[in-house]
Amino acid sequence: MRLGVVDIGSNTVHLLVVDAHRGAQPLPATSHKIELRLSEHVTDDGHIDDAGARDLARFINECLSVAEDQGVEELMAFVTSAIREAPNGDDVLARVRAETGVDLQLLSGEDEARLTFLAARRWFGWSSGTLLVVDIGGGSLELAAGMDEDPDAAISLPLGAGRLTRDLLPGDPPDAETIRAARREIRARIGGSLRPLAKTGPVDRAVGTSKTMRSLARIAGAAPSSEGQYAARSLKRTDLSAVVATLSRTTVAERAALPGVSTSRAAQMLAGALVAEAAMDLCGVDRLDICPWALREGVILQRLDSMA
């Protein structure tokens with residue numbers, strides 16, 4: 001059957017259409033994406049402003065049209081931290097429902113971590129043993145670990161690359177003391193939350209997901225996207241430290257010229273690199289294998305598993 005999933009994140013709204021059935025690998029058919037940047041529509045008191053809610057509803061209608069044109073039989077749509085944390089999040093969801101007929105599913109941070117873990121487990125398989133999955137989004141960081149398809153521990157922290165850029169890293173580029181202070185804050189928050197992960201025991205394979213992680217790996221020399229999703233890609237901690245140093249001294253415009261970095265995400269790359277480096281250091285990981293599947297694929301896999 002043909003399934004569609006709409007992922008509403010802090011940076012983008014992304015429709016992925018796949019051909020899939022239970023027990024088979026979902027095969028991408030088409031995608032449709034817009035840089036909505038809901039995080040930039042958050043007011044000082046945390047609300048999603050009217051323009052953000054209006055644009056979200058408009059794009060959901062666009063997704064419905066694309067899904068219909070592509071023969072989608074079932075459309076799933078979900079929202080993450082940008083709306084989850086907004087005091088008027090329920091009102092935004094109600095507005096979208098009224099204007100589009102789409103009932104957006106609100107995922108918790110733990111839901112994000114668990115579904116992303118499922119996607120990574122299916123991609124790398126049982127032979128990978130105990131997995132640690134690190135996922136960096138625009139609004140949050142998800143960490144999950146375990147040896148089954150459902151992780152033994154799953155945590156979500158408000159350490160997304162977009163959020164941290166806005167809150168902790170002003171300047172182009174930020175000065176050295178600002179970066180140092182942000183680094184301390186990031187490591188303190190991660191370090192204080194790792195106890196559940198520590199209980200899962202030694203990790204056999206560590207995995208990184210998300211556009212931010214793929215971009216960091218590409219800067220460090222990983223294969224370009226033109227080589228396809230099956231090309232093995234990884235990010236070593238030693239290489240990441242060099243990437244952090246580069247991003248710390250470059251402007252947004254200069255970052256956008258780096259391999260694998262889009263203009264729309266260039267401003268967030270330093271924050272993402274600081275989070276990735278902190279997670280690797282504090283979890284004792286020397287390398288992350290990059291997984292092309294993440295939350296969207298996890299949602300699709302969960303739906304396929306539920307079919308009779």
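**View 1. Asp49 caps the N-terminal end of helix 1.** In this predicted model, a side-chain oxygen of Asp49 sits 3.3 Å from the backbone nitrogen of Ala51, which fits the polar-contact rule: a pair of N or O atoms within 3.5 Å, one able to donate a hydrogen and the other to accept it, with residues adjacent in sequence counting only if both atoms are side-chain atoms. After helix 1 comes Gly71, with a positive phi near 75°. Helices here are DSSP runs of H or I, at least four residues, and strands are runs of E, at least two, numbered from the N terminus.

**View 2. The buried residues of helix 1 and what covers them.** Among the buried residues (under 20% relative accessible area, 1.4 Å probe, protein chains only) are Leu56, Phe59, Ile60 and Cys63. Their cover includes strand 1 (2–8), strand 4 (74–79) and helix 3 (89–100), with contact meaning heavy atoms within 4.5 Å.

**View 3. An open sheet of six strands.** The order is 8-7-6-9-11-10, with mixed pairing; two strands pair if DSSP finds at least two bridges between them. Strand 8 (153–157) and strand 10 (234–236) are the edges, each with a single partner strand, so one side of each has no neighbour in the sheet.

**View 4. Strand 6 beside strand 9.** Strand 6 (131–136) and strand 9 (205–209) run parallel, joined by five bridges. Leu132 has Ala206 of strand 9 as its bridge partner.

**Notes.** Residues count from 1 along each chain as its sequence is written, and side-chain values use heavy atoms, leaving out hydrogens and water. Local features need pLDDT of at least 70 and side-chain atom pairs 80 or more, while totals for chains, interfaces and linings use all residues.

Key:
Buried < 20%, exposed > 50% of the residue type's maximum accessible area, 1.4 Å probe, protein only.
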